[in-house]
Amino acid sequence: MSYVVPSQPNAPETPPPPPPPPGTGRGGRRRRVVGRLTAIVGRLAVVVALAAGAAQAGPAVATEARAAAALERVTAFGANPGNLSMYVYRPVALPADAPVVVALHGCTQSAQVYSDNAGLNAFADRHGFLVVYAETTAANNANKCFNWFQPGDTRRGQGEAASIRQMVAHAASAYGADGPAHVTGLSAGGAMTSVMLAAYPDVFAAGAVVAGIPHDCGVDVVSAYRCMSPGVDRTPAVWARAVRDAYPGYAGPWPRVSIWHGDNDTTVVPRNADELRDQWTAVHGLDQSPDRTSTVGPNGTRRDEYLSASGGSVVEVNRVPGIAHGTPVDPGGGGEQCGATGTQHFIDSICSSHWIIRFFGPAGGTVPEPPVDPPTEPAVCWTASNYEHVRAARATTTGGYVYAKGSGQHLGLYNTFVTHTLKESPAGHYVLADSTCP
């Protein structure tokens, strides 16, 4: 598959091939940029960027016919400056003051596709919460991506962000779902989840970003490309300031954040998980060294947790081994299974929705602690040149640069002059630890 790198609107195809970003939004110069990019896509048969790809024709039609009645279309939910659609999944037994979970689909997807495959509805039935599926359209974005990189759609009280906020308010007034609110999404929906957590920390108690991007990383098409791949490296303090600037003067509690990313994601590179971690740990006043490390699920997903002073997990990073860009699901009837692989980018791996809902708390209360692995050997630290790290298989090299194996952190040039300390924990997973390794 070929991809276009848009350093210019008509940029040539270049290796290595990062995917194109989501299309831009409504009107003006940005719409003209979208038109040029769309033309390039058509001529070169480029795969959509943050694509949470459409289902294959046969299975998709069957699934849609089966599940269409499960979602209720809400046509009047209040102010809608972002021109979004609202759908609701309401369990038969919805308790009073039920929590609400907002779900944001990926590019080229729909509310129905996300509902059919992500597995959230089964947990809504089990735990008694309302699921609100927000949906964007090709009128907003040529690839049906949420406009996570357009300032007019990402600021508090404006555009798509304001529409999603209004859906939460309507869920409370129309359905009685005025318990804690949470938000999750895939890819462009994951990036929009970051927006909602930053712009509305007074609304959302927690969020889960799946294969997404930190808040305020991209502000136009070109910067959106860079955010996706190779990623943007900023200090935790700078990332945290971007969140605080989204709602100046806010002095309340900040949302808890669960981060999910596939180790083999080349569409939104794993570095974004590190930058998200840096952003939200700094917002919570924490450092970037995990307080607790474990593995969860049938595939050994690696979890790093960052704890508050009271011992609760306020930020967690889940690194899913062996998968590319998409939502991890685990179809089946087991207690920790969920979802379907009826469309592209729902990947048979681990039921991320089970662990996300567990992180949120089924009723918005105390979050059950996940099982912790038996004690492991202490982390091992290695100090060497980038050249030696690559030779020892602690890092990889691409295009003359070096990246830590596992975490994907950028280490600099591939030579014998640049030296770093890497910490190995768990086995085969290395993180930059120049100042934190004992």
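These legends accompany close-up views of charged and aromatic contacts in a predicted model.

**View 1. A salt bridge joins Arg90 and Glu72.** Let us start with one of the nine salt bridges that turn up in a search of the whole structure. Here the side chains of Arg90 and Glu72 come together with an N to O distance of 3.4 Å. Glu72 belongs to strand S1 (residues 72–74), while Arg90 lies in the loop between strand S2 (85–89) and strand S3 (100–104), so the contact ties together parts that are 18 residues apart in sequence. Both partners are partly exposed: Arg90 has a relative accessible area of 44%, and Glu72 has 33%.

**View 2. Arg302 meets Asp263 in a salt bridge.** The N to O distance between these two side chains is 2.7 Å. This pair links distant parts of the chain, with Arg302 in strand S9 (residues 301–307) and Asp263 in the loop between strand S7 (256–262) and helix H10 (271–283), 39 residues apart. Look at the surroundings of each partner, too: Arg302 is buried at 12% relative accessibility, whereas Asp263, at 24%, is partly exposed.

**View 3. Glu388 and Arg391 form a salt bridge within helix H12.** The two side chains meet at 3.9 Å, N to O. Both residues lie in helix H12 (residues 386–391), where they are three residues apart, about one turn of the helix. Glu388 is partly exposed, with a relative accessible area of 34%, and Arg391 is exposed, with 59%.

**View 4. Four charged residues share a network of salt bridges.** In this view, please find Asp274, Arg277, Asp278 and Arg319, which salt bridges link into a network. As a general reminder, side chains of opposite charge can pair when their charged atoms come close.

**View 5. Tyr247, Tyr250 and Trp254 form an aromatic cluster.** Ring pairs connect these three residues, and the structure as a whole holds five aromatic pairs. The ring centres of Tyr250 and Trp254 are 5.0 Å apart and their planes stand at 75°, so this pair is edge-to-face. Tyr250 and Trp254 are both buried. Tyr247 also has a charged neighbour: Arg156 lies over the face of Tyr247, 3.7 Å from the ring centre.

**View 6. Arg234 places its charged end over the ring of Trp239.** Our last stop is another contact between a charge and a ring. The charged end of Arg234 is 4.6 Å from the centre of the Trp239 ring.

Technical notes
Residues numbered from 1 in each chain as written. Predicted model: local features only at pLDDT ≥ 70, side-chain atom pairs only at ≥ 80, totals over all residues. Heavy atoms only, no water. Helix = DSSP H or I, 4+ residues; strand = E, 2+ residues; numbered from the N terminus. Buried < 20%, exposed > 50% of the residue type's maximum accessible area, 1.4 Å probe, protein only. Phe/Tyr/Trp six-rings, centres within 6.5 Å; stacked < 30°, edge-to-face > 60°. Lys NZ or Arg CZ within 6 Å of the ring centre and 35° of its normal.
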